[in-house]
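Dear colleague,

I am passing on the structure below, and after it I set out what was found. Please read the notes with the model open beside them.

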Amino acid sequence: MTKILVTGGAGFIGSATIAEFQKYGHDIYVIDDLSFGNRDFLTIPDVCFHKLDILNGHGLTEVIHKIDPDWIIHLAAIHFIPYCNQHPFKSSNINTQGTINVLNAAKSLKNLEKMFFASTAAVYPICDHAIPETQQTNPLDIYGLSKLAGEHLMNEFYLQTSIPTVVCRFFNAFGPNETNLHLIPEIQKQVNSGLRTIELGNLDPKRDFIHTYDMARAILLLLNKFDSGIDVFNLGGGQEYSVIDVVKEFESQLGEEITIKVDQSRVRKVERMHLLADISKLKAFINWEPEISLSEGIKTLLNY
Ligand SMILES: NC(=O)c1ccc[n+]([C@@H]2O[C@H](COP(=O)([O-])OP(=O)(O)OC[C@H]3O[C@@H](n4cnc5c(N)ncnc54)[C@H](O)[C@@H]3O)[C@@H](O)[C@H]2O)c1
(Lines give C-alpha, C1' and ligand atoms only; values in the text may rest on other atoms or scores of the structure.)
Protein backbone atom coordinates (compact mmCIF):
# COMPACT_ATOMS: atom_id res chain seq x y z
CA MET A 1 0.00 0.00 0.00
CA THR A 2 1.41 3.38 -1.05
CA LYS A 3 0.94 6.46 1.14
CA ILE A 4 -0.17 9.27 -1.17
CA LEU A 5 -0.61 12.96 -0.39
CA VAL A 6 -2.90 14.85 -2.78
CA THR A 7 -2.82 18.64 -2.45
CA GLY A 8 -6.06 20.11 -3.80
CA GLY A 9 -7.56 16.63 -3.43
CA ALA A 10 -11.04 17.96 -2.58
CA GLY A 11 -11.35 19.54 -6.03
CA PHE A 12 -12.82 18.37 -9.30
CA ILE A 13 -9.88 16.34 -10.68
CA GLY A 14 -8.47 15.49 -7.24
CA SER A 15 -11.66 13.82 -6.04
CA ALA A 16 -11.92 11.69 -9.21
CA THR A 17 -8.24 10.76 -8.94
CA ILE A 18 -8.58 9.76 -5.30
CA ALA A 19 -11.64 7.59 -6.06
CA GLU A 20 -9.56 5.71 -8.65
CA PHE A 21 -6.55 5.30 -6.33
CA GLN A 22 -8.80 4.06 -3.53
CA LYS A 23 -9.88 1.12 -5.72
CA TYR A 24 -6.30 -0.18 -5.39
CA GLY A 25 -6.24 0.21 -1.61
CA HIS A 26 -3.77 3.12 -1.46
CA ASP A 27 -3.55 5.18 1.71
CA ILE A 28 -4.78 8.69 0.79
CA TYR A 29 -4.10 11.99 2.57
CA VAL A 30 -5.43 15.36 1.41
CA ILE A 31 -4.38 18.95 2.00
CA ASP A 32 -6.96 21.43 0.71
CA ASP A 33 -8.17 24.80 1.98
CA LEU A 34 -11.64 24.12 0.47
CA SER A 35 -11.59 27.50 -1.30
CA PHE A 36 -12.94 25.73 -4.39
CA GLY A 37 -13.08 22.07 -3.33
CA ASN A 38 -15.67 20.24 -1.28
CA ARG A 39 -15.00 17.87 1.64
CA ASP A 40 -18.09 15.87 0.66
CA PHE A 41 -16.44 14.81 -2.62
CA LEU A 42 -14.12 12.61 -0.55
CA THR A 43 -14.60 9.38 1.35
CA ILE A 44 -11.47 9.56 3.50
CA PRO A 45 -11.46 9.71 7.30
CA ASP A 46 -11.10 13.12 8.99
CA VAL A 47 -7.62 12.21 10.30
CA CYS A 48 -6.44 11.99 6.68
CA PHE A 49 -7.94 15.36 5.68
CA HIS A 50 -6.09 18.61 6.47
CA LYS A 51 -7.89 21.88 5.79
CA LEU A 52 -4.86 24.04 5.12
CA ASP A 53 -3.73 26.84 2.82
CA ILE A 54 -0.57 25.90 0.90
CA LEU A 55 0.58 29.51 1.39
CA ASN A 56 1.01 28.67 5.08
CA GLY A 57 4.57 27.37 4.72
CA HIS A 58 5.17 26.41 8.37
CA GLY A 59 1.84 24.66 8.79
CA LEU A 60 2.35 22.87 5.49
CA THR A 61 5.83 21.58 6.38
CA GLU A 62 4.55 20.33 9.73
CA VAL A 63 1.60 18.47 8.17
CA ILE A 64 3.59 17.04 5.25
CA HIS A 65 6.26 15.76 7.62
CA LYS A 66 3.63 14.20 9.85
CA ILE A 67 2.07 12.41 6.86
CA ASP A 68 5.49 11.38 5.48
CA PRO A 69 4.09 10.34 2.07
CA ASP A 70 5.63 8.00 -0.52
CA TRP A 71 4.12 10.01 -3.39
CA ILE A 72 2.91 13.61 -3.64
CA ILE A 73 0.34 14.62 -6.26
CA HIS A 74 0.34 18.43 -6.32
CA LEU A 75 -2.97 19.68 -7.71
CA ALA A 76 -3.77 22.60 -5.40
CA ALA A 77 -3.99 25.74 -7.54
CA ILE A 78 -6.31 28.45 -8.75
CA HIS A 79 -7.10 27.56 -12.30
CA PHE A 80 -10.33 29.09 -13.58
CA ILE A 81 -8.92 31.50 -16.18
CA PRO A 82 -11.56 34.29 -15.78
CA TYR A 83 -10.97 34.17 -11.99
CA CYS A 84 -7.17 34.24 -12.49
CA ASN A 85 -7.51 37.25 -14.81
CA GLN A 86 -9.62 39.06 -12.21
CA HIS A 87 -7.27 38.10 -9.34
CA PRO A 88 -3.85 37.90 -11.00
CA PHE A 89 -1.72 38.40 -7.89
CA LYS A 90 -3.71 36.11 -5.62
CA SER A 91 -3.91 33.25 -8.14
CA SER A 92 -0.31 33.41 -9.37
CA ASN A 93 0.92 33.64 -5.78
CA ILE A 94 -0.93 30.46 -4.81
CA ASN A 95 0.26 28.71 -7.97
CA THR A 96 3.91 29.67 -7.54
CA GLN A 97 4.60 30.42 -3.83
CA GLY A 98 2.21 27.59 -2.87
CA THR A 99 4.19 25.21 -5.10
CA ILE A 100 7.49 26.46 -3.61
CA ASN A 101 6.11 25.71 -0.14
CA VAL A 102 5.03 22.18 -1.12
CA LEU A 103 8.43 21.48 -2.67
CA ASN A 104 10.35 22.96 0.28
CA ALA A 105 8.50 20.65 2.63
CA ALA A 106 8.95 17.69 0.25
CA LYS A 107 12.71 18.17 -0.10
CA SER A 108 13.45 17.13 3.47
CA LEU A 109 11.19 14.05 3.49
CA LYS A 110 13.05 10.78 4.04
CA ASN A 111 10.74 8.42 2.17
CA LEU A 112 9.40 10.41 -0.79
CA GLU A 113 9.62 8.27 -3.94
CA LYS A 114 7.67 10.26 -6.56
CA MET A 115 6.35 13.76 -7.27
CA PHE A 116 3.50 14.60 -9.68
CA PHE A 117 2.61 18.12 -10.84
CA ALA A 118 -0.63 19.15 -12.56
CA SER A 119 0.36 21.59 -15.26
CA THR A 120 -1.84 22.72 -18.12
CA ALA A 121 -2.27 23.08 -21.87
CA ALA A 122 -2.35 26.83 -21.14
CA VAL A 123 1.48 26.80 -21.17
CA TYR A 124 1.34 26.40 -24.96
CA PRO A 125 1.03 29.22 -27.51
CA ILE A 126 -1.88 29.36 -29.97
CA CYS A 127 -1.49 26.36 -32.34
CA ASP A 128 -3.73 25.05 -35.12
CA HIS A 129 -2.41 21.49 -34.86
CA ALA A 130 -2.32 18.71 -32.28
CA ILE A 131 0.30 19.94 -29.78
CA PRO A 132 3.16 17.62 -28.80
CA GLU A 133 5.14 18.07 -25.58
CA THR A 134 8.10 19.29 -27.69
CA GLN A 135 6.16 22.42 -28.69
CA GLN A 136 7.92 25.49 -27.33
CA THR A 137 5.90 26.96 -24.45
CA ASN A 138 4.51 30.49 -24.59
CA PRO A 139 1.50 31.04 -22.29
CA LEU A 140 -1.15 33.60 -23.21
CA ASP A 141 -2.33 34.43 -19.70
CA ILE A 142 -1.28 34.76 -16.08
CA TYR A 143 -2.64 31.28 -15.27
CA GLY A 144 -0.51 29.58 -17.95
CA LEU A 145 2.48 31.64 -16.88
CA SER A 146 2.09 30.65 -13.22
CA LYS A 147 1.85 26.96 -14.19
CA LEU A 148 4.92 27.24 -16.41
CA ALA A 149 6.72 28.69 -13.39
CA GLY A 150 5.49 25.60 -11.50
CA GLU A 151 7.07 23.37 -14.16
CA HIS A 152 10.40 25.17 -13.72
CA LEU A 153 10.12 24.76 -9.95
CA MET A 154 9.57 21.02 -10.45
CA ASN A 155 12.68 20.87 -12.59
CA GLU A 156 14.67 22.60 -9.86
CA PHE A 157 13.23 20.19 -7.28
CA TYR A 158 14.27 17.21 -9.38
CA LEU A 159 17.79 18.58 -9.90
CA GLN A 160 18.19 19.04 -6.14
CA THR A 161 16.66 15.75 -5.00
CA SER A 162 16.74 13.25 -7.94
CA ILE A 163 13.20 12.23 -6.91
CA PRO A 164 11.34 10.99 -10.03
CA THR A 165 9.04 13.85 -11.08
CA VAL A 166 6.14 13.77 -13.55
CA VAL A 167 4.78 16.98 -15.05
CA CYS A 168 1.41 16.42 -16.67
CA ARG A 169 -0.19 19.06 -18.89
CA PHE A 170 -3.94 18.61 -18.49
CA PHE A 171 -6.25 19.64 -21.32
CA ASN A 172 -10.00 20.32 -20.73
CA ALA A 173 -11.36 18.07 -18.01
CA PHE A 174 -15.06 17.23 -17.75
CA GLY A 175 -17.07 14.96 -15.48
CA PRO A 176 -18.98 15.01 -12.19
CA ASN A 177 -18.22 17.39 -9.28
CA GLU A 178 -16.96 20.26 -11.42
CA THR A 179 -16.04 23.18 -9.17
CA ASN A 180 -15.75 25.93 -11.80
CA LEU A 181 -18.32 27.01 -14.39
CA HIS A 182 -16.48 25.83 -17.49
CA LEU A 183 -18.39 25.27 -20.75
CA ILE A 184 -19.94 21.86 -20.02
CA PRO A 185 -21.20 22.64 -16.47
CA GLU A 186 -22.47 26.00 -17.77
CA ILE A 187 -24.57 24.28 -20.45
CA GLN A 188 -25.63 21.62 -17.94
CA LYS A 189 -26.73 24.30 -15.45
CA GLN A 190 -28.84 26.16 -18.01
CA VAL A 191 -30.36 22.98 -19.47
CA ASN A 192 -31.11 21.55 -16.01
CA SER A 193 -32.91 24.74 -15.08
CA GLY A 194 -35.33 23.99 -17.94
CA LEU A 195 -33.94 26.41 -20.52
CA ARG A 196 -33.88 25.34 -24.16
CA THR A 197 -32.50 28.70 -25.35
CA ILE A 198 -29.12 28.99 -23.71
CA GLU A 199 -26.66 31.88 -23.53
CA LEU A 200 -23.01 31.23 -24.30
CA GLY A 201 -19.88 33.14 -25.40
CA ASN A 202 -17.83 32.46 -28.52
CA LEU A 203 -19.16 29.37 -30.36
CA ASP A 204 -16.24 28.51 -32.65
CA PRO A 205 -13.31 27.62 -30.37
CA LYS A 206 -12.49 23.91 -30.27
CA ARG A 207 -11.27 22.12 -27.17
CA ASP A 208 -9.90 18.70 -26.30
CA PHE A 209 -12.19 17.28 -23.60
CA ILE A 210 -11.14 14.43 -21.37
CA HIS A 211 -13.25 12.75 -18.70
CA THR A 212 -11.84 12.90 -15.16
CA TYR A 213 -12.20 9.10 -14.89
CA ASP A 214 -9.79 8.70 -17.82
CA MET A 215 -7.47 11.31 -16.34
CA ALA A 216 -7.42 9.48 -13.02
CA ARG A 217 -6.59 6.17 -14.73
CA ALA A 218 -3.75 7.82 -16.63
CA ILE A 219 -2.34 9.50 -13.50
CA LEU A 220 -2.29 6.17 -11.65
CA LEU A 221 -0.64 4.33 -14.56
CA LEU A 222 1.92 7.11 -14.96
CA LEU A 223 2.86 7.10 -11.30
CA ASN A 224 3.07 3.30 -11.18
CA LYS A 225 5.40 3.20 -14.17
CA PHE A 226 7.52 6.35 -13.83
CA ASP A 227 10.60 5.58 -11.76
CA SER A 228 13.45 7.86 -12.80
CA GLY A 229 14.18 11.34 -14.10
CA ILE A 230 11.74 14.14 -14.86
CA ASP A 231 9.43 14.17 -17.86
CA VAL A 232 6.43 16.00 -19.31
CA PHE A 233 3.25 14.34 -20.65
CA ASN A 234 0.15 15.81 -22.27
CA LEU A 235 -3.09 14.46 -20.80
CA GLY A 236 -6.06 15.02 -23.10
CA GLY A 237 -8.50 12.99 -25.13
CA GLY A 238 -6.80 13.55 -28.50
CA GLN A 239 -9.97 14.84 -30.20
CA GLU A 240 -11.33 18.36 -30.38
CA TYR A 241 -14.91 19.62 -30.24
CA SER A 242 -16.34 23.08 -30.89
CA VAL A 243 -18.84 24.69 -28.53
CA ILE A 244 -21.55 23.86 -31.08
CA ASP A 245 -20.46 20.18 -31.12
CA VAL A 246 -20.84 20.09 -27.33
CA VAL A 247 -24.32 21.63 -27.47
CA LYS A 248 -25.27 19.05 -30.14
CA GLU A 249 -24.23 16.26 -27.76
CA PHE A 250 -26.57 17.73 -25.13
CA GLU A 251 -29.36 17.92 -27.74
CA SER A 252 -28.91 14.31 -28.72
CA GLN A 253 -28.85 13.08 -25.10
CA LEU A 254 -31.92 15.15 -24.22
CA GLY A 255 -33.73 14.35 -27.46
CA GLU A 256 -34.66 18.05 -27.65
CA GLU A 257 -33.54 21.01 -29.70
CA ILE A 258 -31.39 23.69 -28.02
CA THR A 259 -31.11 27.23 -29.40
CA ILE A 260 -27.92 29.16 -28.68
CA LYS A 261 -27.91 32.90 -28.08
CA VAL A 262 -24.49 34.56 -28.07
CA ASP A 263 -24.06 36.70 -24.96
CA GLN A 264 -21.43 39.33 -25.85
CA SER A 265 -20.43 39.74 -22.20
CA ARG A 266 -19.25 36.11 -22.24
CA VAL A 267 -17.16 36.44 -25.41
CA ARG A 268 -13.46 36.36 -24.47
CA LYS A 269 -11.29 39.13 -25.89
CA VAL A 270 -8.33 36.81 -26.40
CA GLU A 271 -9.38 33.34 -27.52
CA ARG A 272 -7.64 30.26 -28.90
CA MET A 273 -9.59 28.72 -31.77
CA HIS A 274 -7.95 25.31 -31.25
CA LEU A 275 -6.55 23.43 -28.29
CA LEU A 276 -5.80 19.81 -29.13
CA ALA A 277 -3.38 17.42 -27.42
CA ASP A 278 -1.03 15.09 -29.19
CA ILE A 279 -1.25 12.22 -26.70
CA SER A 280 0.95 9.73 -28.53
CA LYS A 281 3.76 9.99 -25.95
CA LEU A 282 1.42 9.20 -23.05
CA LYS A 283 -0.30 6.36 -24.92
CA ALA A 284 3.00 4.73 -25.80
CA PHE A 285 4.36 5.07 -22.25
CA ILE A 286 1.41 3.68 -20.28
CA ASN A 287 -0.53 1.76 -22.93
CA TRP A 288 -3.69 3.75 -22.14
CA GLU A 289 -6.68 4.96 -24.16
CA PRO A 290 -9.50 7.24 -23.02
CA GLU A 291 -12.62 5.13 -22.42
CA ILE A 292 -15.38 7.69 -21.86
CA SER A 293 -16.45 9.59 -24.99
CA LEU A 294 -17.86 13.11 -24.84
CA SER A 295 -21.37 11.82 -25.53
CA GLU A 296 -21.13 9.05 -22.91
CA GLY A 297 -19.79 11.57 -20.37
CA ILE A 298 -22.57 14.08 -21.07
CA LYS A 299 -25.17 11.33 -20.79
CA THR A 300 -23.85 10.43 -17.32
CA LEU A 301 -23.77 14.08 -16.29
CA LEU A 302 -27.41 14.58 -17.26
CA ASN A 303 -28.38 11.57 -15.14
CA TYR A 304 -26.09 12.58 -12.25
N1 LIG B 1 -10.02 21.37 -14.81
C2 LIG B 1 -9.26 21.44 -15.86
O3 LIG B 1 -9.73 21.35 -17.02
C4 LIG B 1 -7.77 21.64 -15.72
C5 LIG B 1 -7.02 21.84 -16.90
C6 LIG B 1 -5.65 22.04 -16.78
C7 LIG B 1 -5.01 21.97 -15.55
N8 LIG B 1 -5.76 21.80 -14.42
C9 LIG B 1 -5.03 21.74 -13.13
O10 LIG B 1 -5.46 20.61 -12.41
C11 LIG B 1 -5.44 20.86 -11.00
C12 LIG B 1 -6.82 20.54 -10.42
O13 LIG B 1 -7.79 21.34 -11.07
P14 LIG B 1 -9.35 21.17 -10.80
O15 LIG B 1 -10.05 21.35 -12.08
O16 LIG B 1 -9.60 19.96 -9.98
O17 LIG B 1 -9.62 22.49 -9.96
P18 LIG B 1 -10.29 22.66 -8.53
O19 LIG B 1 -10.40 24.12 -8.29
O20 LIG B 1 -11.53 21.85 -8.44
O21 LIG B 1 -9.21 21.99 -7.59
C22 LIG B 1 -8.15 22.71 -7.00
C23 LIG B 1 -8.21 22.46 -5.51
O24 LIG B 1 -7.16 23.21 -4.89
C25 LIG B 1 -7.69 23.78 -3.71
N26 LIG B 1 -6.92 25.00 -3.42
C27 LIG B 1 -6.93 26.17 -4.10
N28 LIG B 1 -6.13 27.06 -3.49
C29 LIG B 1 -5.60 26.43 -2.42
C30 LIG B 1 -4.69 26.82 -1.38
N31 LIG B 1 -4.18 28.07 -1.33
N32 LIG B 1 -4.36 25.92 -0.43
C33 LIG B 1 -4.88 24.68 -0.45
N34 LIG B 1 -5.75 24.24 -1.39
C35 LIG B 1 -6.09 25.11 -2.36
C36 LIG B 1 -9.14 24.10 -4.01
O37 LIG B 1 -9.95 24.21 -2.85
C38 LIG B 1 -9.54 22.92 -4.89
O39 LIG B 1 -10.09 21.87 -4.13
C40 LIG B 1 -5.07 22.34 -10.86
O41 LIG B 1 -3.70 22.41 -10.56
C42 LIG B 1 -5.35 22.94 -12.23
O43 LIG B 1 -4.49 24.02 -12.51
C44 LIG B 1 -7.12 21.63 -14.48
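Please keep in mind throughout that this is a predicted model. I begin with the ligand, where H1, helix H4 (88-107), strand S5 (114-120) and S7 each supply at least two residues of the surrounding shell. The largest share of that shell comes from H1, which gives three residues. Altogether 29 residues surround the ligand, and the closest are Gly8, Gly11, Gly37, Ala77 and His79. Sorted by class, the shell holds 15 nonpolar, 11 polar and three charged residues.

Helix H1 itself, which runs over residues 12-22, is mostly covered, since eight of its 11 residues are buried. The buried residues are Phe12, Ile13, Gly14, Ser15, Ala16, Thr17, Ile18 and Phe21. Among the elements that cover them are strand S1 (3-7), strand S2 (27-32), strand S4 (71-74), strand S7 (172-174) and helix H7 (212-225).

Turning to the chain as a whole, there are 10 helices and 13 strands, and the C-alpha trace spans about 60 × 40 × 40 Å along its principal axes. A compact globule of 304 residues would have a radius of gyration near 19 Å, and the chain agrees with this because its own value is 19 Å. Of the 304 residues, 41% count as buried. When contacts with a separation of 6 or more are considered, residues 24 or more positions apart account for 80% of them.

The chain is divided into domain 1, made up of 3-173 + 209-235, and domain 2, made up of 180-207 + 238-278 + 292-303. Where the two domains meet, the contact takes 17 residues from domain 1 and 13 residues from domain 2. On the side of domain 1 that touches domain 2, strand S10 (209-211) and H7 each supply at least two residues. The residues on that side of domain 1 divide into 12 nonpolar, three polar and two charged. The C-alpha centres of the two domains lie 26 Å apart.

Which residues touch the most other members of the largest nonpolar core? In this core of 80 residues, they are Phe116, Cys168, Met215, Ile219 and Leu235. Helix H7 gives the largest share of the core, seven residues. Domain 1 and domain 2 both contribute residues to this core, so it lies between them. For a closer look at one of its members, you could select Met215, which touches Ile13, Ala16, Phe170, Ala173, Ile210 and Leu235, leaving aside residues up to four places away in sequence. Two of these partners, Ile13 and Ala16, are among the buried residues of H1 described above.

One charged residue also deserves a look, namely Glu151, which is found in helix H5 (residues 142-161). Is Glu151 buried or exposed? Glu151 is buried, because 20 other C-beta atoms lie within 10 Å. Leaving aside residues up to four places away in sequence, Glu151 touches Phe117, Ser119, Val123 and Val167. Of these, Phe117 is 34 residues from Glu151 in sequence, while the two are 7.6 Å apart in space, C-alpha to C-alpha.

With best regards

How values were computed. Residues numbered from 1 in each chain as written. Predicted model: local features only at pLDDT ≥ 70, side-chain atom pairs only at ≥ 80, totals over all residues. Buried ≥ 20, exposed ≤ 12 C-beta atoms within 10 Å, placed from the backbone. Helix = DSSP H or I, 4+ residues; strand = E, 2+ residues; numbered from the N terminus. Contact = placed C-beta atoms within 7 Å. Near = placed C-beta within 6 Å. Nonpolar A, V, L, I, M, F, W, Y, C, P; charged D, E, K, R; others polar. Domains from an automatic or database assignment. Rg over C-alpha atoms; globule rule 2.2 N^0.38 Å. Core = buried A, V, L, I, M, F, W, Y, C linked by C-beta atoms within 7 Å.
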